[in-house]
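The following exercises concern the overall build and the interior of one protein. Please examine the sequence and the structure before reading the solutions.

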Amino acid sequence: MTRKIGIVGMGNVGAACAHYIVADGFVDDLVLIDQNEKKVKADALDFEDAMANLPSHTNIFVNDYNQLDDADIIISAVGHIKLIGGDHPNRFGELNPTGESVTDVANKIKQTNFHGIMVVISNPNDVMTSMYQQILGFPKERVIGTGTLLDSARMKRAVGKAFSVDPRSVSGYNLGEHGNSQFTAWSTVKVIDQPIEKLAKESGLNLEKINEDVRMGGFTVFDGKGYTNYGVSTAAVRLSLAILNDARIELPVSNYREEYGVYLSYPAIVGRDGILKQLQLDLPQEELDKLQYSADYIKKNLNK
């Protein structure tokens with residue numbers, strides 16, 4: 001069976017996704033779509049030049065929406081990241097122009113026979129994921145945002161550094177909006193299977209300082225190079241592989257939660273049909289309040 005992914009938006013993030021997919025030979029066919037025809041054709045040629053030195057081959061198609069008919073997944077990486085900066089950086093800074101781009105792309109996808117899963121990187125992530133679902137009319141479980149899969153990875157990096165362990169030895173979640181109102185659910189975090197709140201008390205570690213590092217991590221990267229791409233593209237490809245492989249893995253991604261009436265990040269089981277099962281965490285009231293605040297914040301901006 002042919003494995004096929006489409007990437008719409010070949011800026012820094014889309015290109016990083018494409019490179020990861022091609023270099024590791026994750027699919028047979030890759031469709032690259034971007035308004036900048038010259039740039040996307042150059043990317044395609046660059047990848048083809050790389051293939052003689054790679055262990056696998058990928059067929060690449062450029063700017064052909066019809067090639068999405070039989071794609072398993074479309075990754076939306078359209079965006080206007082330059083607009084999130086300033087003195088008070090916020091992913092909602094790119095709400096209007098990215099919303100227009102998403103509307104245009106979704107309407108073009110609607111004209112194809114695509115019936116796979118949408119993976120959305122575009123920001124503000126929870127709102128753009130919701131927009132794709134509404135315009136495409138897909139079941140909610142078939143449209144997923146990368147959400148706090150990235151923020152949770154940033155948390156694991158920061159906590160791992162604090163305890164001098166590999167981030168993969170840290171478990172737990174960041175929840176809510178992929179943006180300023182997200183938070184680390186410390187009640188879920190463990191380091192080598194020990195609750196972090198207990199370890200922090202013993203070692204005098206300031207969890208609030210780590211939470212702020214995580215919350216602002218993307219803006220720190222943005223401030224240094226004008227965009228972020230490696231962390232989020234790795235999250236998007238990991239999510240895409242969970243779908244392709246029917247992995248049935250638990251991931252904190254943006255999915256529609258009925259009790260909050262909005263897309264937000266909360267752990268769910270992901271497989272070939274998208275969101276297979278939604279989990280229910282046993283959170284303390286303080287974290288439930290933070291999650292409700294984040295949901296209200298997303299909803300308010302979605303209404304705009």
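**Exercise 1: Overall build**

Determine whether the radius of gyration (taken over C-alpha atoms; the globule rule is 2.2 Å times the number of residues to the power 0.38) agrees or disagrees with that of a compact globule.

Solution. A compact globule of 304 residues would have a radius of gyration near 19 Å, and the protein has 19 Å, which agrees. Next, the C-alpha trace spans about 55 × 45 × 40 Å along its principal axes.

The model is predicted: local features need pLDDT of at least 70 and side-chain atom pairs count only at pLDDT 80 or more, while totals for chains, interfaces and linings use all residues. Residues are numbered from 1 along each chain as its sequence is written, and side-chain values use heavy atoms, without hydrogens and water.

**Exercise 2: Burial and contacts**

State what percentage of the residues count as buried (under 20% relative accessible area, 1.4 Å probe, protein chains only).

Solution. Of the 304 residues, 54% count as buried. Turning to contacts (heavy atoms within 4.5 Å), among those between residues at least 6 apart in sequence, 68% join residues at least 24 apart.

**Exercise 3: The nonpolar cores**

Identify the residues that touch the most other members of the largest nonpolar core (buried Ala, Val, Leu, Ile, Met, Phe, Trp, Tyr and Cys residues joined through side-chain atoms within 4.5 Å).

Solution. This core has 41 residues, and Ile5, Ile7, Ile21, Leu30, Leu32 and Leu239 touch the most other members. Helix H8 (residues 230–244; helices are DSSP runs of H or I, at least four residues, numbered from the N terminus) supplies the largest share, nine residues. Beyond its neighbours within four places in sequence, Leu239 contacts residues including Val119, Ile144, Leu251 and Val270. Finally, a second, separate core of 38 residues includes Val8, Ile33, Ile135 and Tyr266.

How values were computed: Buried < 20%, exposed > 50% of the residue type's maximum accessible area, 1.4 Å probe, protein only. Helix = DSSP H or I, 4+ residues; strand = E, 2+ residues; numbered from the N terminus.
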